[in-house]
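Dear colleague,

Here is the structure I promised to hand over, with the sequence alongside. Please open it first, and then read the notes that follow with the model in view.

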Amino acid sequence: MTNLNPKNKQLSVFDTFSANSLKLLEKDVEEFKLKYIENLYFAPDNKKAKAGQNLHNFLCFYLKNFDTSKIETSLAQKDREFIEKIKEFDEIQSLKQADKKYIEQPFLIKCTTDIMPVFYLTGRFDAVLIKEDKVQIYDWKTLNIPKDPENDIQTIVYLYCASKLYKSYETQNISITYISLTKNESIEIKYNNTYGYFEKITSLISKIL
């Protein structure tokens, strides 16, 4: 993600941003520089994060209608019970039965602006459901959904990128739904044409320029 001048090791271009990297930039500019520019970041051994990733992986196979029986039998009893509860969620069953769905959908959106001639927004939607004239993005949360979902940087990035990725659909018919797999809670945020998603993103990026 970083292009360095080999002679003086000065930052020349940093042009690719994800929702996670922008969240860190929003929180702490110096920590962002250490992790994404200087590569001086040590990831903790986070068991909860690993468990969450395993759950994401299971849902990927399950929603693609693959046989998950071997995966499930290899899990501990409490994890199997947890998965059985998740299977009963209305949103999960709707996705599983849908014809036009995309699981683990990657995206890379090219952007241009005065503050930065070219930069990219990248990421991966956990799931996308297209039904009639609507595009619904899904994002799994192991525990809590965002406290302020409409203004969460992930919402801003995902809705903006979805509006560019699915250009043939009206923006007001694009939304993101966060689902807490532990609490069986969900919240849907629809694209707001007056919000200024791109302006929010570029304002944040300007912090490192």
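Before anything else, a word on burial: a residue is called buried when its relative accessible area is under 20%, exposed when that value is over 50%, and partly exposed in between. Please also keep in mind throughout that this is a predicted model.

With that cut-off in hand, I would begin with two asparagines. Asn65 lies in the loop between helix H3 (47-63) and helix H4 (69-73), and because its relative accessibility is 46%, it counts as partly exposed. Although Asn65 is not a glycine, it has a positive phi of about 65°. Asn184 sits in the loop between E7 and strand E8 (185-190), where it has a positive phi of about 55°, again without being a glycine. At 45% relative accessibility, Asn184 counts as partly exposed.

Turning to the interior, the largest nonpolar core is made of 41 residues, and Phe17 and Leu22 are those with the most contacts inside it. Two or more residues are given to this core by each of the helices H1 (19-27), H2 (29-37), H7 (153-165) and H8 (197-205), and likewise by each of the strands E4 (101-111), E5 (119-131), E6 (134-141) and E7 (174-180). Which of these elements gives the most to the core? That is H7, with eight residues. There is also a second, separate core of 19 residues, which includes Leu59, Tyr62, Phe89 and Ile92. As background, nonpolar side chains in soluble globular proteins tend to be buried together.

Three of the helices that contribute to the largest core, namely H1, H7 and H8, also pack against one another in pairs, and I will take these pairs in turn.

For H7 and H8, the axes come within 9 Å and cross at roughly 125°, an angle that makes H7 oblique to H8. H7 passes H8 in a left-handed crossing. On the H7 side the contact involves Ile153, Ile156, Val157, Leu159 and Tyr160, which meet Tyr197, Phe198, Lys200, Ile201 and Leu204 of H8. Sorted by class, the residues of this contact are nine nonpolar, no polar and one charged.

For H1 and H8, the axes come within 10 Å and cross at roughly 60°, so that H1 is oblique to H8. This crossing of H1 and H8 is left-handed, and in it Leu22, Leu25 and Glu26 of H1 meet Ile201, Leu204 and Ile205 of H8. The classes here are five nonpolar, no polar and one charged.

For H1 and H7, the axes are 9 Å apart and the packing angle is about 140°, which makes H1 oblique to H7. The crossing of H1 and H7 is right-handed. Ala19, Leu22, Lys23 and Glu26 of H1 make this contact together with Ile153, Gln154, Val157 and Tyr158 of H7, and by class the contact has five nonpolar, one polar and two charged residues.

One residue of that last contact deserves a separate look. Is Gln154, which belongs to helix H7, buried or exposed? Gln154 is buried, because its relative accessible area is 6%, and the cut-off for burial is under 20%. Leaving aside residues up to four places away in sequence, Gln154 touches Ala19, Lys23, Asp139, Lys141 and Tyr178.

The other residue I would single out is Phe125, which is found in strand E5. Phe125 has a relative accessible area of 0% and is therefore buried. When residues up to four places away in sequence are not counted, Phe125 touches Glu104, Gln105, Phe107, Ile137, Tyr138, Tyr158, Ala162, Leu165 and Tyr166. The C-alpha atoms of Phe125 and His56 are separated by 11 Å, while the two residues are 69 residues apart along the chain.

With best wishes

Terms used: Residues are numbered from 1 along each chain as its sequence is written. This is a predicted model: local features need pLDDT of at least 70, side-chain atom pairs count only at pLDDT 80 or more; totals for chains, interfaces and linings use all residues. Side-chain values use heavy atoms; hydrogens and water are left out. A nonpolar core is a set of buried Ala, Val, Leu, Ile, Met, Phe, Trp, Tyr and Cys residues joined through side-chain atoms within 4.5 Å. Buried means under 20% relative accessible area, exposed over 50%, partly exposed in between (1.4 Å probe, protein chains only). Helices (H or I, at least four residues) and strands (E, at least two) are DSSP runs, numbered from the N terminus. Axes are lines fitted to C-alpha atoms, for helices over the stretch in contact, and angles run from 0 to 180 degrees between N-to-C directions. Angles under 35 degrees count as roughly parallel, over 145 as roughly antiparallel, 65 to 115 as roughly perpendicular and the rest as oblique. A crossing is left-handed if the near helix is turned anticlockwise from the far one by less than a right angle, and right-handed if clockwise. Contact means heavy atoms within 4.5 Å. Ala, Val, Leu, Ile, Met, Phe, Trp, Tyr, Cys and Pro count as nonpolar, Asp, Glu, Lys and Arg as charged, and the others, Gly among them, as polar.
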